[in-house]
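Welcome! Please take a moment to look over the chain below before reading on.

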Amino acid sequence: MYLDIIFKVLGGLGIFLYGMDNMSSGMQKLAGKRLKRFLAILTTNRIVAILMGMFVTMLVQSSSVSTVMTIGFVNASLLTLKQALGVIFGANIGTTITGWILALNIGKYGLPILGIAVIAHMFLKGDKAKTRALTVMGLGMIFFGLELMSDGLKPVRNMPEFVSLFQMFSADSYLGVLKAAAVGALVTAIVQSSSATLGITITLAVQGLINYETAVALVLGENVGTTITAILATLKANVNAKRAAYAHTIINTFGVIWVTAVFPYYLKFLSLFGDHDTNITVAIATAHTVFNVTNVILFTPFIGYLADFLCKIVKDDGRVNERITKIDELMLKTSGIVVEQTKVEVGNMGKMIQLMFDEVKNVYRNSKVLTDEKVKELRKIEDDLDLYQKEITDANFVILNNKDINDSLRRDIRNNLIVSDEYETVSDYLMRITNSLKKLQDNIIFLTEQEMKVVLGLHEKTNEFFKNIDRAYQEKNPILIKECVLNAKEVTSLYKNAKKNYMDFGIKASATTMSTTNFMDIINFYRRVGDHLTNIIEGYTEK
């Protein structure tokens with residue numbers, strides 16, 4: 001008897017948790033494009049931030065994912081603390097949708113839903129179709145897991161020892177409410193899933209092992225326990241990210257404190273939304289939603305004060321963010337966000353490279369402009385681009401190794417990595433051109449009018465090539481990428497003609513080994529820039 005109960009409950013819980021994970025993963029993939037717009041939509045308006053927090057949490061079906069993602073944005077300085085608080089408020093409301101999914105009460109259909117989704121997943125070909133099947137599969141597992149747990153717990157109702165155990169946490173007094181809330185918080189903190197504990201709570205209530213009041217108290221505690229995920233995520237984060245995580249805990253804890261203090265009146269207020277004897281699952285989902293909505297309404301006017309309070313209490317630790325990009329490791333749970341932010345960072349690399357092109361052109365126009373300070377500035381840009389490339393590669397390879405990402409996302413990651421790698425190498429050659437020009441200048445050697453015409457022509461054509469490649473990448477335009485083949489041929493042709501003419505007509509009488517070597521190096525460096533830009537074309541056209 002006991003083994004049968006244990007097997008069914010454990011098996012049901014495992015299937016339920018795996019179903020939640022599958023549904024959340026599938027929803028994240030389907031919501032990829034919407035998640036990419038997340039940063040663009042967020043503003044300093046707290047209402048917009050709350051709505052976005054609700055929207056994203058509903059899409060990914062996990063407040064932990066959206067909260068940790070938000071804290072990652074704070075850690076990367078993409079969001080302010082006040083903006084993050086609004087998003088976290090919204091996530092608290094968005095996560096209540098799970099209760100309403102469970103309230104559908106279609107447990108007996110869980111197994112056929114699961115079976116149909118598995119068969120569909122096996123035979124469907126497209127990424128989107130497979131992802132939809134995965135999401136429905138997760139939904140089927142949730143209901144099937146709940147049904148197994150419910151069946152497993154049925155005999156427990158007739159076992160006095162178990163009944164007395166559950167009665168120890170009955171919310172029939174203020175102390176009992178606190179004990180039940182503490183149990184809910186503890187279990188949620190351990191499993192790090194409020195959805196799982198909510199499912200268990202509903203199952204216990206449906207089987208009559210706990211009464212409605214105890215279920216409501218457990219749900220209150222679950223709202224505190226779920227904040228542990230955010231706290232754990234900030235162990236290595238900066239002080240602002242820590243403040244956001246602490247705010248999440250403070251808001252939910254204070255909410256539980258005031259509700260438990262007026263618990264009997266809270267229950268009366270909930271009765272306005274329906275009778276719990278009619279449908280206890282709906283009643284628990286209502287309690288979950290009402291608590292979070294009320295809490296957000298009460299705390300929203302004080303977002304600014306809460307942020308200021310946290311800034312005073314949680315002091316700056318003096319740590320400097322050593323990362324040059326705004327890709328944070330806490331974002332790695334949401335692949336779409338990382339890919340989109342990578343595109344922004346590669347765009348920043350493009351702007352820095354264009355700055356190098358402009359500075360080199362200024363040298364050709366005025367040979368005296370290349371001071372030691374200017375060389376240091378360009379070297380700093382080149383060093384920064386090395387860091388950009390390393391951080392982009394490290395973050396995107398983590399995602400690339402995730403077997404669950406779809407082919408479209410994998411292709412985007414691959415293109416991002418190719419472009420960032422080639423851009424970094426382009427900056428190396430632009431720095432080499434700068435060093436060659438500085439060497440000539442330091443030795444008071446000037447390019448002839450003909451040589452200047454050659455290098456300027458190569459510079460303009462190579463820069464045009466780069467601008468077209470960069471625009472094609474930003475616009476995600478494969479046709480424009482292919483059209484850049486003409487630019488590649490023009491750069492190669494200019495280089496070959498320059499080299500041939502220089503060899504055919506001989507070295508000018510006043511030429512030195514240094515002037516000849518540096519001129520040949522410069523035109524060769526432009527050819528190498530063209531080669532690496534061509535690699536981007538080939539990377540995009542490869543299947």
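Here is a short briefing on this chain, grouped by topic.

This is a predicted model, so please read every value below as computed from it. The chain has 543 residues, and 52% of them count as buried. Its secondary structure comes to 25 helices and zero strands.

**The chain as a whole**
- Contacts often bring together distant parts of the sequence: among those between residues at least 6 apart, 82% join residues at least 24 apart.
- One pair that shows this is Leu78 and Lys326, which are 248 residues apart in sequence but 7.0 Å apart in space, C-alpha to C-alpha.

**Transmembrane regions in the record**
- An unreviewed UniProt entry gives the feature "transmembrane region" at residues 38-60, 109-126, 132-153, 174-194, 214-233, 245-267 and 279-306.
- In the model, residues 174-194 are 90% helix and 0% strand, with end C-alpha atoms 23 Å apart.
- Residues 279-306 are 86% helix and 0% strand, and here the end C-alpha atoms are 38 Å apart.

**Helix α6 and the loop before it**
- Leu78 sits in the loop between α5 (63-75) and α6 (81-94).
- With a relative accessibility of 25%, Leu78 is classed as partly exposed, because that class runs from 20% to 50%.
- Helix α6 has 14 residues and reaches 20 Å from its first C-alpha to its last, close to the 20 Å expected at 1.5 Å a residue.
- Since 13 of the 14 residues of α6 are buried, this helix is largely enclosed by the rest of the structure.

**Helix α12**
- Helix α12 covers residues 194-206, and its 13 residues should span 18 Å at 1.5 Å a residue; the end C-alpha atoms are indeed 18 Å apart, so the two values agree.
- This helix is mostly covered, with eleven of its 13 residues buried.
- The buried residues of α12 are Ser194, Ser195, Ala196, Thr197, Leu198, Gly199, Thr201, Ile202, Thr203, Leu204 and Ala205.
- Just after α12 comes Gly208, which takes a positive phi of about 75°.

**A closer look at Thr201**
- Thr201 belongs to helix α12.
- Its relative accessibility is 3%, so Thr201 counts as buried, the cut-off being under 20%.
- Leaving aside residues up to four places away in sequence, Thr201 touches Ile210, Ala215, Leu218, Val219, Glu222 and Ile284.

**Cavities**
- How many cavities of 30 Å³ or more does a search of the whole structure find? There are two of them.
- The largest cavity holds about 70 Å³ of space.
- Its lining is made up of Ser63, Asn92, Thr95, Ser194, Leu198, Val219, Glu222, Asn223, Thr226, Asn252 and His288.
- By type, the lining residues of the largest cavity divide into two nonpolar, eight polar and one charged.
- Which helix gives the most to the lining of the largest cavity? Helix α13 does, with three residues.
- Helices α12 and α13 (212-225) each supply at least two residues of this lining.

**Linking the topics**
- Ser194 and Leu198 are among the buried residues of α12, and both also line the largest cavity.
- Val219 and Glu222 are in that lining too, and both are touched by Thr201.

Key. Residues numbered from 1 in each chain as written. Predicted model: local features only at pLDDT ≥ 70, side-chain atom pairs only at ≥ 80, totals over all residues. Heavy atoms only, no water. Helix = DSSP H or I, 4+ residues; strand = E, 2+ residues; numbered from the N terminus. Expected span 1.5 Å × (residues − 1). Buried < 20%, exposed > 50% of the residue type's maximum accessible area, 1.4 Å probe, protein only. 1 Å grid on protein atoms, 1.4 Å probe; cavity = no way out; pocket = protein on both sides within 12 Å on 5 of 7 lines; lining within 4 Å. Points joined across faces, edges and corners; volume = space filled by probe spheres on them. Nonpolar A, V, L, I, M, F, W, Y, C, P; charged D, E, K, R; others polar. UniProt positions renumbered as here; feature names shortened; annotations may be inferred. Contact = heavy atoms within 4.5 Å.
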